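Here is a short report on one protein chain. It goes from the whole chain to single residues.

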Amino acid sequence: MALALVVTRTKNRPLLLERAIVSVISQDYPNWKHIIVNDGGESQPVENLIEKYADAYKGRVQTIHNPSSVGMEAASNIGIRSVDSEFILIHDDDDSLAPEFLGRTVTYLESPPYPTIQGVCTWANQI
C-alpha cells in the first residue's frame, strides 16, 4: 500500500488548523503521514493540537517549525522533502477533505485508465 504524504502549511491559525487535522485523521485510507509546516508562527498552539490528537494520529504526524516565514511554496517544499512518498497532497490549514479522499485518489493513481496520468484535479467548495 503506497504512502500518501499530506503537507499542511500553517501560521498562527489554530482554529483552521484543527479542522484540517480532523479531516486528515478521518481518512479511510490508512497509509498516510501528515507533515505540518508551521511557517514562522507560534509553536505552542500547534504542539497543543498535535498532543490533543496524538491517539488518532498513531505516530503518523511530524511537525516542522520554521523560525521565520519562508512563504507558501518554500514551506511546501520543506514538507515534501521531509518524507519519501509516492503520493503528495498539499492540504492547507484552511482546507478540509472528505473521508474517502485519499483512498479514492490513491486507488485511481495506482491504476489510471491512461499511463500518462500523473495526478488528479479535484472539485472545491468555497464556503
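How far apart are the mean positions of the positive and negative charges of the protein chain? The 10 positive and 16 negative charges have mean positions 1 Å apart. Lys and Arg count as positive, Asp and Glu as negative; His and the chain ends are not counted. Each charge is placed at NZ of Lys, CZ of Arg, CG of Asp or CD of Glu.

This is a predicted model: local features need pLDDT of at least 70, side-chain atom pairs count only at pLDDT 80 or more, and totals for chains, interfaces and linings use all residues. Residues are numbered from 1 along each chain as its sequence is written, and side-chain values use heavy atoms, with hydrogens and water left out.

**Overall fold**

The protein chain has five helices and four strands. Their order along the sequence is β-α-β-α-α-β-α-β-α. The radius of gyration is 14 Å, close to the 14 Å of the globule rule for 127 residues, so the chain is as compact as a globular protein of that length. That radius is taken over C-alpha atoms; the rule is 2.2 Å times the number of residues to the power 0.38. Helices (H or I, at least four residues) and strands (E, at least two) are DSSP runs, numbered from the N terminus.

The C-alpha trace spans about 45 × 30 × 30 Å along its principal axes. Of the 127 residues, 40% count as buried. Buried means under 20% relative accessible area, exposed over 50%, partly exposed in between (1.4 Å probe, protein chains only). Among contacts (heavy atoms within 4.5 Å) between residues at least 6 apart in sequence, 77% join residues at least 24 apart.

**Helix H4**

Which residues of H4 (residues 72–81) are buried? They are Ala75, Ser76 and Gly79. These cover an arc of only 100 degrees around the axis, which puts them on the same side of H4. The arc is that of the directions from the helix axis to the C-beta atoms. Strands E1, E2 (32–39), E3 and E4 (87–90) are among what covers them. Exposed Glu73 and Arg81 sit on the face turned away from the buried side.

**Positive phi outside glycine**

Two loop residues have a positive phi without being glycine, as listed here.

| Residue | Phi | Loop between | Relative accessible area |
|---|---|---|---|
| Asparagine 12 | near 55 degrees | E1 (4–10) and H1 (14–25) | 44%, partly exposed |
| Lysine 58 | about 50 degrees | H3 (54–57) and E3 (61–66) | 65%, exposed |
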